[in-house]
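Trainee: I have a two-part task: read a model, then defend the words I use for it. Can we go through the terms one by one?

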Amino acid sequence: MSAQHIPTATVDPKAQPAIEMIDVHKWYGEFHVLRDINLNVRRGERIVICGPSGSGKSTMIRCINRLEEHQKGRIIVDGIELTDDLKRIDEVRRDVGMVFQHFNLFPHLTILENCTLAPIWVKKMPRKEAEEVAMHYLTRVKIPEQANKYPGQLSGGQQQRVAIARSLCMSPKIMLFDEPTSALDPEMVKEVLDTMVGLAEEGMTMLCVTHEMGFARQVADRVIFMDYGQIVEMNTPDEFFRNPQHERTRLFLSQILH
Amino acid sequence: MSTAVDMPRFVRAKQVEALPPPNLARGPIAWIRENLFSGPFNTLLTLVVLYLLYVSVPPMVKFLFIDAVWTGTDRAACRADTGGSESGACWAFIWDKINYFIYGSYTVSERWRVNIFFALLAIGVVWLLWLRAPRRDLGAVYFFWIFPTASYILLTGGNESFSGRFWIGFAILGALVISLFAFVAAVLKASMRPALVIGGGIVAVVGVTLALVDMDFGLAHVPTSLWGGILVTLLVATVGIVVSLPFGIVLALGRRSKLPIVRLASVIFIEFVRGVPLITVLIMANTMLPLFLPGDMTVDRLLRPLIGTALFASAYMAEVVRGGLQAMPKGQYEGAMSLGLNYPQMMSLIILPQALRIVIPGIVNTFIGLFKDTSLVAIVGIFDLVKTIEASRIDPNWAAPTIGMTGYVFAALFYFIFCFGMSRYSLGVERRLAAGQKR
């Protein structure tokens, strides 16, 4: 992709960070999946996370909305520290949207119902207002005409755009993307990436696990490379791609950039 | 049309239009050859089946309809030695005894109350099962609260006249339930208000129900020992079905819970009840339950097997529902959680609607099994339909060779109509739900 890099929204450096991860560790049984994760994400910042499979990148962003539990360290999202407290977890989840590799739309509900469910039940929004909000975001992802269909009747790319709209309907402050284009046919990747670029242009705080390096170049403020559960290298996309420091990063980039 | 295989280069010049499929052999003869006589084995099967039908159907029609006795007032009509016919079913017997088969020994002057019960039941069933019925949410309130309360008052006569001590006990229990909800909310660090509202709501509903049952509507008391026939069969089946589905769902969720005590309690209940035959459960409920209760407390003798069958069906239902829960992909839970839905919302809005849809065949299977199992309550002396037939066929007034057979054919017809109805209904629901969201 040759498009120009999108400038970051101007951020007050003294403002509270959107996400703070301090010395986070996680184990699956005996297996140490996340090791010594330290990461600060400013508001409006776009971060792309890449790395080989099994390197812990998905696990890391899933810790941010507590789909996974961390066992050591602290994670503070928008000023709320994640603990066992269910109330706080729900509060964080309300403000953090997530888009999954396999969309995870609800197949028994129509597209519109998928989008209005959380606003109605979690935010207690009146149905009519929720439907207006949903139609607004469905229009933004360019599929308002599919509102009354079921997810199974849409293509993969359309489903993923619905999933993005569904998250946006909760007006989240932070969006997490967990390999949003990996399950898509090549022809559909672009429509989803375009939607994500649009979000980035509006100043959404985004963390994307993805191997779309063109997207990283165009959108990211920082690129993080992970391996063996650790952050191996973190840099601006320019530096990251032109001049990778760590040997492992160089090997990885040589494999995926031809 | 040539293909690109033998050519090194190929560019499609013309779009191939969609054509209808080739007109293969159609018509009845082609169908018969295709489906009934497609090979030697199939042909043999067809012939064997045709022969079996020839052997069984004509005699059955002859017995049930052609040679059947339709009118008569006693055994004379169905005995050859008194000029009657004994080669066909004696429908006159069923006709003569039909009131006993429907109501048992229920007080004759009060049978209109049973008829109202049947009508209320029919309204509830149609309201809930007809997918396009208006206000099905109200239908649920009707079926699960108004209808049971009204039925209880109608059938027994109500007017329980609870003592003051009973009401004090209820008040204490109610306070305990509400504080239990508050305690659970505090432990889970969930918000307190909904917990109090739910706890208070449950206590209020139970309280209002008890007050209604306590009230004197001027209806004569009809002891359950007089109830019988189709009334009891439908009652046991309805209570079993209505209790087993929600209770089974709770047990299934309990069995998959992360809380070890809840999980253990569910597993023990399910495995214990499933590991024991229904007859044993019934006999235990009937003879052993009173032994465990304090001396001045008695459980109604119809209520005992009612509880027994309901719990028995719940254990089976729990396993069916668990199958559906296990078939749900993890992504559905994660999608729901990531949107901020809490556990009850996630389960009731996302997981259960899909999981239950998957297991409709299993649920209906359990219902049908339960419906037929109700005939086992006869073991503990309850006069259900089969037992009333048993009791009638030895009536000397109707001593005739075909009486027993006719009685059982009647029972078979009754059970078949209900079970087949449930089966067809579930198929219809499956098809309707599948049409909405084809993948």
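Mentor: Start with what counts as a strand. Strands are DSSP runs of at least two residues, numbered from the N terminus. Remember too that this is a predicted model.

Trainee: What makes the place of Y228(A) a loop?

Mentor: Y228(A) sits between β9 (222–227) and β10 (230–235) of chain A. Those two runs are strands under the definition, and Y228(A) belongs to the loop between them.

Trainee: Why is Y228(A) called exposed?

Mentor: The cut-off for exposed is over 50% relative accessible area. Y228(A) has 57%, so it is exposed.

Trainee: What is notable about phi of Y228(A)?

Mentor: Phi is near 50°, a positive value in a residue other than glycine. Most residues other than glycine have a negative phi.

Trainee: Which residue of chain B has a positive phi near 50°?

Mentor: R135(B), again a residue other than glycine. R135(B) lies in the loop between α4 (111–129) and α5 (136–156) of chain B.

Trainee: Back to chain A. Why is G152(A) called partly exposed?

Mentor: Buried means under 20% and exposed means over 50%, with partly exposed in between. G152(A) has a relative accessible area of 36%, so it falls in the middle class.

Trainee: Where is G152(A) in the chain?

Mentor: G152(A) is in the loop between α4 (127–140) and α5 of chain A. In sequence, G152(A) and H108(A) are 44 residues apart. In space, their C-alpha atoms are 9.1 Å apart.

Trainee: How do you know that the length of α5 of chain A fits a helix?

Mentor: Count and compare. Helix α5 covers residues 156–168 of chain A, which is 13 residues. At 1.5 Å a residue, the expected span is 18 Å. The end C-alpha atoms are 18 Å apart, so the two agree.

Trainee: Is α5(A) mostly covered or mostly open, and what makes it so?

Mentor: Mostly covered. The test is under 20% relative accessible area for each residue. In α5(A), 13 of its 13 residues are buried.

Trainee: Now the whole of chain A. What does chain A contain?

Mentor: Chain A has 9 helices and 10 strands.

Trainee: Why is chain A called compact?

Mentor: Set its radius of gyration against the globule rule. The radius is 18 Å, and the rule gives 18 Å for 258 residues, so chain A is as compact as a globular protein of that length. Its C-alpha trace spans about 55 × 45 × 40 Å along the principal axes. Of the 258 residues, 57% count as buried.

Trainee: What makes chain B more spread out than a compact globule?

Mentor: First its make-up: chain B has 16 helices and 0 strands. Its radius of gyration is 29 Å, well over the 22 Å from the globule rule for 439 residues, so chain B is more spread out than a compact globule. The C-alpha atoms fill a box of roughly 100 × 80 × 40 Å. Buried residues make up 38% of the 439.

Trainee: What supplies the exposed area of each chain?

Mentor: Chain B exposes about 25,400 Å², with 71% from carbon and sulfur atoms. Chain A exposes about 11,500 Å², with 48% from those elements.

Trainee: How far apart are the mean positions of the charges?

Mentor: In chain B, the 35 positive and 23 negative charges have mean positions 13 Å apart. In chain A, the 31 positive and 35 negative charges have mean positions 2 Å apart.

How values were computed
Residues are numbered from 1 along each chain as its sequence is written. Chains are lettered from A and ligands numbered from 1 in the order in which they are written. This is a predicted model: local features need pLDDT of at least 70, side-chain atom pairs count only at pLDDT 80 or more; totals for chains, interfaces and linings use all residues. Side-chain values use heavy atoms; hydrogens and water are left out. Helices (H or I, at least four residues) and strands (E, at least two) are DSSP runs, numbered from the N terminus. The radius of gyration is taken over C-alpha atoms; the globule rule is 2.2 Å times the number of residues to the power 0.38. Buried means under 20% relative accessible area, exposed over 50%, partly exposed in between (1.4 Å probe, protein chains only). Accessible areas come from the Shrake-Rupley method with a 1.4 Å probe; for residues, only the protein chains shown count as cover. Lys and Arg count as positive and Asp and Glu as negative; His and the chain ends are not counted. The place of a charge is taken as NZ of Lys, CZ of Arg, CG of Asp or CD of Glu. The expected span of a helix is 1.5 Å times one less than its number of residues.
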